[in-house]
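Reader: I'm new to reading protein models. Could we go through this one together?

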Amino acid sequence: MGVTASKGQRRREAILQVLKQQGRITIQEMVERFDCSEATARRDLEQMESLYPIIRTIGGAMYDGMNAVRDLGFAEREGLSIYEKERIASKAASLIEEGDVVGLSGGTTNYLIAKQLKFRSGITVVTNAVNIAMELAGSAIQVVVTGGIMRHNSFELCGPLGEGMVSHLNIGKMFIGVDGISATGGITTYSEQEAQIAKALIKRSHVTYAVFDQTKIGKVSLFSIAGLSELQAFITDVPIGPELQEAARQHEISLYVADEQ
C-alpha cells in the first residue's frame, strides 16, 4: 500500500510540474505521459485541486498560481464573512413565498438560505448541491435534485447529466452564488463545471437573483456564468459601488441590501 501511495504522489508531483511549466494539462495528455487510466487521472486532479492552486476544467486542469484567490472548499468558505452571509440569506428567504419553485445553486450563502427555508412549507427547492438537499431532508420542503458528478470542493453536481435534467424544469426564483461580480464581467466563478450548470439553471428560471457579499464585488473569476443583462436582482450586504450601481440601473436590476441584525 505504501509503495502505491508513493508512486501516486510522485505522479501527482510530476503533473504539478507540467501544470507550472505549460499552464494546463488535459486528461488525455496525462494518460499518455504518465501511463495511467482516465479514472486515475481524474482522481489525481480531484486530489490536487484541494492542495494546489489548480482549476479543474471539463477536459483537464489549469494552473492558477498567479491568482491568490482560488476555488476554496466548502468548509473553508463556510467560515468566511459568515455574519454577512447570514444577513444576506435572511433577506433572500424573505423574498420566497408559499407556492414558489426556488432554485439554489451551491455555495455557503445558499446553504444558509436552505437552513432558513427548512422550517417552512409549500415550497419546492431545485438544487444541484448535495449538502443543500441533505439540509432540507426531513422538512416539509419538496426537494428536486439535479443529476451529475459531485465536485468535492463545493458538493455541487455538475456535468451534462444534470444540465439535461435542468432543461426540462421550470424554476420561478433562482438564487445563484458567485465568486465574483462586476459591471463588465457580470457574474463569474472559479469552476468551469459549476459555471455550466449555473447557466442551465438560469436559462430555465423566470427571475434570477445574484447572491453575494461585499468581498465578491469588483472581482472577475476565470469562468463566466452570465452577463448582468441576464439577471433581475442583486442581494448583498452593503450598498454597491457607483459603477455596479449604474450597470444595475441600466439593466433594470433590483437591488436588495440585507438588514443589519
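Reader: How many aromatic pairs does a search of the whole structure find?

Author: Keep in mind that we're looking at a predicted model. To describe a pair of aromatic rings, you give the distance of the centres and the angle of the planes. Searching the whole structure this way, the number of aromatic pairs is three.

Reader: Take Tyr209 and Tyr256: is that pair stacked, tilted or edge-to-face?

Author: Their ring centres are 6.3 Å apart, and the planes meet at 45°. Planes under 30 degrees apart would be stacked and those over 60 edge-to-face, with the rest in between. So 45° makes this pair tilted.

Reader: And how many residues apart in sequence are the parts that this pair ties together?

Author: Tyr209 sits in strand E12, while Tyr256 belongs to strand E15, residues 254–257. Because the two rings pair up, they tie together parts whose separation in sequence is 47 residues.

Reader: Which of these two tyrosines is buried, and which is partly exposed?

Author: Buried means under 20% relative accessible area, and over 50% would be exposed. Tyr256 comes out at 27%, so it is partly exposed. With 7%, the buried one is Tyr209.

Reader: Which residues form one aromatic cluster?

Author: The tilted pair we just discussed, Tyr209 with Tyr256, belongs to it. Add one phenylalanine and you have the whole cluster: Tyr209, Tyr256 and Phe175.

Reader: What kind of pair do Phe212 and Phe234 make?

Author: Both of these residues are buried. Phe212 is in the loop between E12 and E13, and Phe234 is in strand E14. Their centres lie 5.5 Å apart with the planes at 75°, so the pair is edge-to-face.

Reader: Which element gives the largest share of the largest nonpolar core?

Author: That core has 31 residues, and Phe234 is among the members that touch the most others, along with Ile176, Ile181, Ile187, Ile225 and Leu228. Strands E9 and E13 and helices H9 and H10 each supply at least two of its residues. The largest share is six residues, and it comes from H9.

Reader: Is Thr208 buried or exposed?

Author: You'll find Thr208 in strand E12. Skipping neighbours within four places in sequence, its contacts include Met174, Ile176, Ile202 and Leu231. Its relative accessible area is 1%, and the cut-off is under 20%, so Thr208 is buried.

Definitions and conventions: Residues are numbered from 1 along each chain as its sequence is written. This is a predicted model: local features need pLDDT of at least 70, side-chain atom pairs count only at pLDDT 80 or more; totals for chains, interfaces and linings use all residues. Side-chain values use heavy atoms; hydrogens and water are left out. Helices (H or I, at least four residues) and strands (E, at least two) are DSSP runs, numbered from the N terminus. Buried means under 20% relative accessible area, exposed over 50%, partly exposed in between (1.4 Å probe, protein chains only). Contact means heavy atoms within 4.5 Å. A nonpolar core is a set of buried Ala, Val, Leu, Ile, Met, Phe, Trp, Tyr and Cys residues joined through side-chain atoms within 4.5 Å. Rings of Phe, Tyr and Trp (its six-membered ring) pair if their centres lie within 6.5 Å; planes under 30 degrees apart count as stacked, over 60 as edge-to-face and the rest as tilted.
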